[in-house]
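Here is a walk through one protein chain, taken from the whole down to single residues. Keep the structure open while reading.

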Amino acid sequence: MANVTAKQLSEVIGVSVEKLLAQLNTAGVDVSSENDPISDEDKLKLLESLRSSHGKETEAGPKKITLRRKSKSELRVSGSSGRNTTTKTINVEVRKKRTYVRRADVEAEEARVQEEAQAQAEEESRLLQEQAEAEARREQEEAEAAAAAELAAQEEAARAEAEQKAIAKSMQEAEVARAAIEKKRAEEEAAAAAEQAQRAALEQAAAASAAAAQDKPGKHGKHEDRSTRYGRKELHVKESAHQPNRKQKFKKGQRQVQEITRQHEFVKPTAPVVRNVEIPDAITVAELGQRMAIKAGDVIKVLMQMGTMATINEVLDRDTATLVVEEMGHNVVTAASEDDFEKELQASAEQAGEERVSRPPVVTIMGHVDHGKTSLLDYIRESRVTSGEAGGITQHIGAYHVETDKGIITFLDTPGHAAFSAMRARGAQATDIVVLVVAADDGVMPQTKEAIQHARAAEVPLVVAVNKIDREEADPDRVKNELAALEVIPEEWGGENIFVNVSAITGEGVGDLLDSILLQSEILELGAVDKGNAKGIVVEASLDKGRGPVATVLVQSGLLQQGQMLLAGTQFGRVRAMYDEDAKTIKSAGPSMPAVVLGLSGVPNAGDEVFVVENERKAREFAEIRESRIRETKLADQQKAKLQGMFDAMAEGEVAEINILVKADVQGSSEAIRESLEKLSTDEVRTKLVATGVGGINESDINLAAASEAVVIGFNVRADASAKRVAGDYGIDIRYYSVIYDIIDDIKSMMSGMLSPESQENIIGLAEVKEVFRSPKFGDVAGSIVVEGVVRKGQPIRVLRDNVVIYEGELESLRRFKDNVEEVRMGTECGIAVKNYTDVKPGDQIEVFERVEVARSID
């Protein structure tokens, strides 16, 4: 923290400067005045001194401090009771609590825990060592006991053998007598066993007959241990509880159920259930609660504990949802990202093992507006495209497949106006070679520099065509010098860029330019697979009233055929028809071939990648996934920007807005108009685009414009009959344009009219005070002579003394002799009374001026 002065510290802690200086001196800090600096060490000394003076030790003190803050506010709620409107006041009290713990206590606690853990580890090690020693002693004792047992067994065996011999001798002597006795006893036992067996057989027969009578099967069951075919225990008839010994009689099919044990009783889980929760890029609170199998209210509670106020329909981003899931003890599983689907699309478009063949180069012609890009391409194509463009400038990306004497080349013609920056960027991304057209009489311009930046960002080679060399004021060397300053060095100067002097009118140098393009393509060794599923990029897209969505697709690899299922961004459809740049029907298009495709479900965005997929189900699935991702991301961004936008609006105050609805013929033009109009916004006037789209102006567009009070702009499109009728009813202004310059100029004029006028001051006269007279009615009256301009009554004035303004006010009275006059011209004497000012002295100058409001304009 930076040093502060004693005065600043006294203001912070709320004591007087004198008292603070006395306390600092008592603490041993050398401070003499309120402007002396105080460092952090001095503050610590002051704190220790104050603690010791209040009878508190510096080391002692509370281990933790709890701060409680309470704020009260009132909330007014209006309600209606019958015809009367009432206002209720609700008192709201907010309590906050925060606890701080000393760092030293925390460190001491951590050290104590660490020491206890170390002592516990040593104790466990000692116990393990003692256990190992006891185990070794036990094994040794067992071995000794086994040896002793074996010796005792041997002695016992010897003793038993001796005893056995003695017994055998005595048994031999009594064997004869015993044999006789045994024979007699065996005869008696055989007779008794036969009698007992006969009696047991009779008892068994009687018991079997009784059991058969008791277990005889009935009509509906066999016995109680039987199971059903589904594996469940069969329910059996039980005896009556009131008459257990009386035979029960039931109706046909009626059975009485026995009591069985509760085998299917629900048991509450003893451990918490941990679930794997899949989280997408954006998810609502309700859906997140469903995936965790909990109530949405519990999710909202956790969010409130984390400091986020949310409702059940609030959209959470992935990071916030992950924190909530982990806080509630579940596992987070990353959802299948859009990259996985894109990888699957890329894999389906790759033709593994297919042979690559050479393909024509894709050449983009870029440069500043009116430098002759389209005219140069016209000469190469031997067509007249420029004459068909509105205003003589290119406003779309044109894709052309040209067969020249030098070979086949695909050209992309991009606009040069500043509003078409996004179009040039798309052209550079889809190209192999960039031809930079620079007019020899105009040199390097802003869009020329931007085109160089796009080419470098796309890492494609640059060929410079110096155009208009047939003019007298052409200076190709100047162009080389200006481009060399931008690090575009010609080959003859030791650089890597090819420079060709051409003329789009006479055709001079065009052959050399084509040779340079083909030479550059040979060096690049361009190749692609010309079989299998096609892959490409949308160069331009539009909505045709008769044909529906139309997309100009540049095929980059594979073979695009009529009838295939196409996926372009979030749009899909089967290719119904294909045309080339001359509107001729074609059946297929190979690599580096532009084709106009019909059959998509909607107008794709220019720059979207195009893939051929297997079937409509797959295409619809990919399109829905992309659309849902875009919608969720947009909704999450809106939720994030909602609060910030509210704060920005509060900070900016009242800002005028012009609502605009734009409909254009192609997607690229709509995008360029939108970006150009958004750049016109200032701090006082803002352009707000209610909607932008492609196609004609219909009735729904007029209804939207009426609801939002917007101006409708049609760029190369017209309104239909119903739209014109509704626009007339609502008084909606529909403006048609064919050149983007006119749109920007008209919107600037509208915005300038909404700007508050600027106030300017014009000095109209100057009078010099010669003498000051006292008037009983007006007070001091300055006798003056007008030295410049004219002095008018009622105008604001300034009093100057030594060329310094000392008063600014209003001219109260103007007299010529004794007559009141409205104005006095230069060289005339007059009396001037200044309103509410009496300090006029001879020699002062009175400057008279007027305030004029001047209209401002948007630059």
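The paragraphs below start with the overall make-up and then visit a few local sites.

This is a predicted model. The chain has 859 residues, and 36% of them count as buried. Its secondary structure comes to 18 helices and 37 strands. Among contacts with a separation of 6 or more, 67% join residues 24 or more positions apart. The accessible surface is about 53900 Å². Carbon and sulfur atoms hold 48% of that surface.

Begin with strand β20, residues 565-568. Side chains in a regular strand alternate between the two faces of the sheet. In β20, both faces are covered. M565 and L567 are buried on one side. L566 and A568 are buried on the other.

Which strands pair with β20? One is β25, residues 609-613, which runs antiparallel to β20 over four bridges. Here M565 stands opposite V613. Another is β21, residues 571-574, again antiparallel and again over four bridges. In this pairing, L566 has G573 as its bridge partner. β20 and β21 form a hairpin, with two residues between the strands. G569 sits in the turn and has a positive phi of about 65 degrees.

Move on to strand β26, residues 656-664. Its partner β27 covers residues 685-694, and the two strands run parallel. Nine bridges join them. One of the pairings puts A664 of β26 with V694 of β27. Helix α15, residues 667-678, completes the arrangement with these strands. Together β26, α15 and β27 make a right-handed β-α-β unit.

The next contact involves G668. Which residue reaches its backbone nitrogen with a side chain? That residue is E540, at 2.8 Å. E540 belongs to strand β17, residues 535-544. Is E540 buried or exposed? E540 counts as buried because its relative accessibility is 5%, and the cut-off for buried is under 20%.

Now turn to aromatic rings. A pair of aromatic rings is described by the distance of the centres and the angle of the planes. How many aromatic pairs does the count give? The count comes to one. The pair is Y807 with Y837, and it is stacked. The centres lie 4.4 Å apart, with 15 degrees between the planes. Y807 lies in strand β33, residues 804-816. Y837 lies in the loop between β36 (829-834) and β37 (845-854). The pair therefore ties together parts that are 30 residues apart in sequence. Although Y837 is a loop residue, its relative accessibility is 14%, so Y837 counts as buried.

Two further loop residues deserve a look for their backbone angles. N716 is not a glycine, yet its phi is positive, at about 60 degrees. N716 is found in the loop between β28 (711-715) and α17 (721-730). Its relative accessibility is 33%, so N716 counts as partly exposed.

D802 is the other residue. Its phi is near 55 degrees, a positive value in a residue other than glycine. D802 lies in the loop between β32 (796-801) and β33. β33 is also the strand that holds Y807 of the stacked pair. Why does D802 count as exposed? Its relative accessible area is 71%, and exposed means over 50%.

Terms used
Residues are numbered from 1 along each chain as its sequence is written. This is a predicted model: local features need pLDDT of at least 70, side-chain atom pairs count only at pLDDT 80 or more; totals for chains, interfaces and linings use all residues. Side-chain values use heavy atoms; hydrogens and water are left out. Buried means under 20% relative accessible area, exposed over 50%, partly exposed in between (1.4 Å probe, protein chains only). Contact means heavy atoms within 4.5 Å. Accessible areas come from the Shrake-Rupley method with a 1.4 Å probe; for residues, only the protein chains shown count as cover. A polar contact is a pair of N or O atoms within 3.5 Å; within protein, one must be able to donate a hydrogen and the other to accept it, and residues adjacent in sequence count only if both atoms are side-chain atoms. Two strands pair if DSSP finds at least two bridges between them. A crossover is right-handed if, with the strands pointing away from the viewer, the path from the first strand over the helix to the second runs clockwise. Rings of Phe, Tyr and Trp (its six-membered ring) pair if their centres lie within 6.5 Å; planes under 30 degrees apart count as stacked, over 60 as edge-to-face and the rest as tilted.
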